[in-house]
Amino acid sequence: MTQDSVATMAAPRLSFSNVTALAPMVRVGTLPMRLLALDYGADVVYCEELIDLKMVQCQRVVNDVLQTVDFVAPDDRVMFRTCEREKDRVVFQMGTADPDRALAVARLVEKDVAAVDVNMGCPKEYSTKGGMGAALLSDPEKIEAILKKLVTGVSIPVTCKIRILPSLQETVSLVQRIEKTGVAAVAVHGRFKEERPRHPVHCDYIQAVARAVSIPVIANGGSLDLVKTNADVAEFRAACGASSVMLARAAMWNASVFSSRGPLPVETVMEDYLRYAIRYDNNAFNTKYCLCQMLRDKVESVLGKQVQASQTNAEISEAYGLQAFYQQTQDELQARRDASQGGGQPERPVMDGDVTTMAVRFERREYPPQITPKMFLLEWSRKEKLEQPQYDTVQRSQDRSFQSTVTVAGRKYRSSLWEKSKKFAEQASAIVCLRTLGVPEGRIGEGESGLVCKRKREGRADGPAGADRRKRPHVASVPEETQSNGGPGAV
């Protein structure tokens, strides 16, 4: 046995008895929400479901700037981010239908989480068509194979989360089989896979399961009408006869439901959440999505509209009056970044055959709304009387990411990083070309270059109607994440 294994096994094992947990929720259960829940009194926090096919491609990266551990995909996207604060209380939930892949993912994250969980309850097609989520409920042999592989293959606790089956006896029998695999606990969402949050939770099913097994049973599904405040948690636990309770939508709407001191105003909760989102450089669209869930029926208020219109965490912080905190945090992060990178040397071009490459990404927030690197490259080419830049874009089948090569004056340029969309990939290749040639690319603060007219650069449209764009920001829809857990109502 290695020293690392001894150290892992020596750490206190996470207990699932008499706990209140933050449920796994797609787009919601990222690091800021998990830390917020812990602050307010949650005993255990689950991350959003992450698919095994995505996670097995990730590399574990220690982020010295954010003081986190990041699991980074080949296209440089952070699939899972965690930190020391939650290490002994975060449960990593995966979507899987393959025992070997499940074990590979569990071993990848084993040193950085307190337990691993298998999602067996998501009823959405994008999960079930791959044999994951609720599809596993009809294949108990596969359930056993996955859980036994995990229990014997990692040193941290293994759990799973299910929905109830059509009959009480079927549900009890399945959980008894699950218990025999050696799992530490089982979470039971008290709804059938066809039911949705508007349907009442079947406490009697959870109660029957809890009586039939000796491992902790975690009751889930009471946010609709049973758990509205922290005082309701004990009643829901008693109604289900369960060891513990797991909260999804009630926590998403106001995470202070975990606090025994009573609920806090949602405005306070949103500000506390936003501070974590800024501190840990959370994706702005994810930040916006979570805040909109907290706003609920106030999403069309003045504040709600300002949040929806925001494109960056900086703009969101302005909506909440946290500009000073945002700037202070950015200064601190930049100081760490400079210290870790020795002053931040610029990326150097590398030749890959006849293609000049650089590891760069297109970050929309770094450019004014109407300005893009492609626009600058096109204007520069016209100025130099060159042919229009030609983009050749390919898509990678394993994760549907894109990479583009631009040809300018007979020379080829591309980013070595894969992007989430064809448009972003083309912008990244334009950046490589412009930086290699030493041509301005239009970033905020770059100054006047003469390549794009002043009207476009300042974001003005033709005529008086083209008022400052910043007063009417584009309202972008929240992109669907690659990870999914059937939405907050499904857990």
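The largest nonpolar core of this predicted model holds 115 residues. Within this core, Met55, Phe92 and Tyr320 have the most contacts. Helix α11, residues 266-279, supplies the largest share, with 8 residues. In soluble globular proteins, nonpolar side chains tend to be buried together.

Take Tyr320 as a way in. Leaving aside residues up to four places away in sequence, Tyr320 touches Met270, Glu271, Leu274, Leu291, Leu295, Leu303 and Val307. A second core is separate and has 19 residues. Among them are Met375, Phe376, Ile431 and Val439.

Now turn to helix α6, residues 140-153. Does its length fit its residue count, and what should the span be? At 1.5 Å a residue, the 14 residues of α6 should span 20 Å. The end C-alpha atoms of α6 are 20 Å apart, so the model agrees with that expectation.Several residues of α6 are buried: Pro140, Ile143, Glu144, Ile146, Leu147, Leu150 and Gly153. Which elements do these buried residues of α6 pack against? Two are helices, α4 (99-109) and α7 (168-179). The others are the strands β7 (90-95), β8 (115-120) and β9 (158-163).

Next comes a sheet. Three strands form an open sheet in the order β4-β5-β6, and their pairing is antiparallel. Strands of a sheet pair through backbone hydrogen bonds, either parallel or antiparallel. Why is one side of β4 and of β6 left without a neighbour in the sheet? Strands β4 (59-63) and β6 (78-82) stand at the edges, and each has a single partner strand, so one side of each stays unpaired in the sheet. From one strand to the next, the twist averages 25°.

Look closer at the β4 and β5 pair. Strand β5 covers residues 68-72, and 5 bridges join it to β4. The two strands run antiparallel. Here arginine 60 stands opposite phenylalanine 71 in β5. Helix α2, residues 31-40, lies across β5 and β6. Helix α2 runs at about 25° to β6.

Finally, consider the confidence of the prediction. The protein chain has a mean pLDDT of 87, and 86% of its residues reach 70 or more. Two stretches fall lower. Over residues 1-9 the pLDDT stays under 50. The model gives this stretch 7 contacts beyond four places in sequence. Residues 457-491 also have pLDDT below 50. Beyond near neighbours in sequence, residues 457-491 have 91 contacts in the model. Where pLDDT is low, the predicted coordinates should not be read in detail.

Key. Residues numbered from 1 in each chain as written. Predicted model: local features only at pLDDT ≥ 70, side-chain atom pairs only at ≥ 80, totals over all residues. Heavy atoms only, no water. Pairing = 2+ DSSP bridges. Helix = DSSP H or I, 4+ residues; strand = E, 2+ residues; numbered from the N terminus. Axes fitted to C-alpha atoms, helices over the stretch in contact; angles between N-to-C directions. Contact = heavy atoms within 4.5 Å. Core = buried A, V, L, I, M, F, W, Y, C linked by side-chain atoms within 4.5 Å. Buried < 20%, exposed > 50% of the residue type's maximum accessible area, 1.4 Å probe, protein only. pLDDT = per-residue confidence, 0-100. Expected span 1.5 Å × (residues − 1).
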